[in-house]
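Student: I'm new to this one and would like a close look at a single part of it, the aromatic rings. Could you walk me through them?

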Amino acid sequence: MIRLAERTKLIAGSPTMKVTATVDKMRREGIDVIDFGAGEPDFSTPEPVKAAAHAALDQNFTRYTPAAGIVELKRAIAERYRQDYGVDYKENEVIVTAGGKQALYNTALVLFGPGDEVITHAPYWPTLTEQIKLAGATPVLARTYTEEGFAIRAKTILDAVTPRTRAIIVNSPCNPTGALISEADLSEIAEAAAARDIWIIVDLCYEKLIYDAVAHNLPAILNGKCRDLTVLCGSSSKAYAMTGWRCGWQLGPSAVIAASSALQSHSTSNVTSITQKAAVAALTGSQAPVRAMLDEYRTRRDALHGWLTSEPRIRCQKPAGAFYMFVDIGDLLSPDGLRTSSDFVDALLEESRVAVTPGEAFDAPGFIRISYATSMENLREGSARILEFAKKRAPAVAAR
Ligand SMILES: Cc1ncc(COP(=O)(O)O)c(C=O)c1O
């Protein structure tokens, strides 16, 4: 028997990626599937971004770059955050990473270790907790609730603090719930963290996808209250429809960035040189494509919400950000029918050819996550199939 390192026992493969793999397989077999699983924009990368990549290739910009990224991109990231949030980061406080995932991973590995507890809010994106475990630390969960729109509350997070708490990870807008943390709640957390020397890590992967004009200047709040204990992790993936390019970033105290750069220099090294040039164009060019995508997501969100909630047993609120509807299907489950959301998802795929992600993937049984990063036609057809499936497989009690 092959004996793997102990650390492999700590982690399971990404359940969200599993849905994507199943859909791929079915499509290769010629089966028509509507995919509501994908956690990525269906839009193409904006043309000026692609043009910058073509130019980089034509200019043979194809060699190693510094592990932490080219200066031009580090400056572009810092300038974007200065313009968007009014915060100031110097070149040695920024590193370019292979997606937001590596930014978070670097942070976990350079800050957490055995004996540490790291608090985050649930339902959560599973990579966050897996990375905490990979760093040898223990994830501690602060629940958020559907009745409160999954609001991320300071009190719940601070109630979980113990003398072993090393860090708090906040993901806002949140995947899977789409919820935001309020500035007031984050301020309260920041004050407590500063007093107790606890790190605050913010996953800003969906920062550009907020539908209403709500105040969400998390970087400024943290810079004001605990700059030396703050790490911001961002990404070009969702904002600029660049998931496959693999470009994210980490902003924080120079010691954290230097350690992350050393770590990266012995693992992945630099992000693809061509991608880095493309990311410069994305960050410094017109932000109009970002707004256009957001407008389209909003239209889809509203339509999807209307269709789904025409069935009273399907309960969901319109998310404030990101592009996921997190749907309570508890009323469609029963001991003598579909027992769990996981059963529901499997049967929905098998019988109605619609792929969604089960709440179990986010530590939220009884829910499903529907990604509306797909066309309106798909959303209309997929919702119709879900409603039909619900009627057939979970008939209303009176009709049984
Ligand atoms: C909450 C959250 N954070 C970070 C990421 C990382 O994305 P990427 O590595 O493509 O930037 C994702 C991707 O789905 C996500 O959902």
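How many aromatic pairs does the structure hold?

Tutor: Keep in mind that this is a predicted model. The structure holds eleven aromatic pairs. Let's start with F150 and F326, an edge-to-face pair with 5.6 Å centre to centre and 65° between the planes. Edge-to-face is the right label because planes over 60 degrees apart count that way. This pair links distant parts of the chain, 176 residues apart. You'll find F150 in the loop between β4 (138-143) and α6 (154-159), while F326 sits in strand β9 (residues 324-328). F150 has a relative accessibility of 8%, so it counts as buried. F326 is buried too, with a relative accessible area of 5%.

Now hop over to F344 and F389. Their ring centres are 5.1 Å apart and the planes stand at 90°, so here's another edge-to-face pair. Because F344 belongs to helix α12 (residues 341-352) and F389 to helix α13 (residues 376-393), the pair ties together parts 45 residues apart in sequence. Both rings come from buried residues: the relative accessible area is 1% for F344 and 2% for F389.

Rings can also gather in a group, and F43, Y206, Y297, F323 and Y324 form one aromatic cluster.

Last, have a look at where charges meet rings. K277 lies over the face of F61, 4.6 Å from the ring centre. Over at Y211, the charged end of R301 sits over the ring, at 4.6 Å from its centre.

Conventions. Residues are numbered from 1 along each chain as its sequence is written. This is a predicted model: local features need pLDDT of at least 70, side-chain atom pairs count only at pLDDT 80 or more; totals for chains, interfaces and linings use all residues. Side-chain values use heavy atoms; hydrogens and water are left out. Rings of Phe, Tyr and Trp (its six-membered ring) pair if their centres lie within 6.5 Å; planes under 30 degrees apart count as stacked, over 60 as edge-to-face and the rest as tilted. Helices (H or I, at least four residues) and strands (E, at least two) are DSSP runs, numbered from the N terminus. Buried means under 20% relative accessible area, exposed over 50%, partly exposed in between (1.4 Å probe, protein chains only). A charge sits over a ring if NZ of Lys or CZ of Arg is within 6 Å of the ring centre and within 35 degrees of the ring normal.
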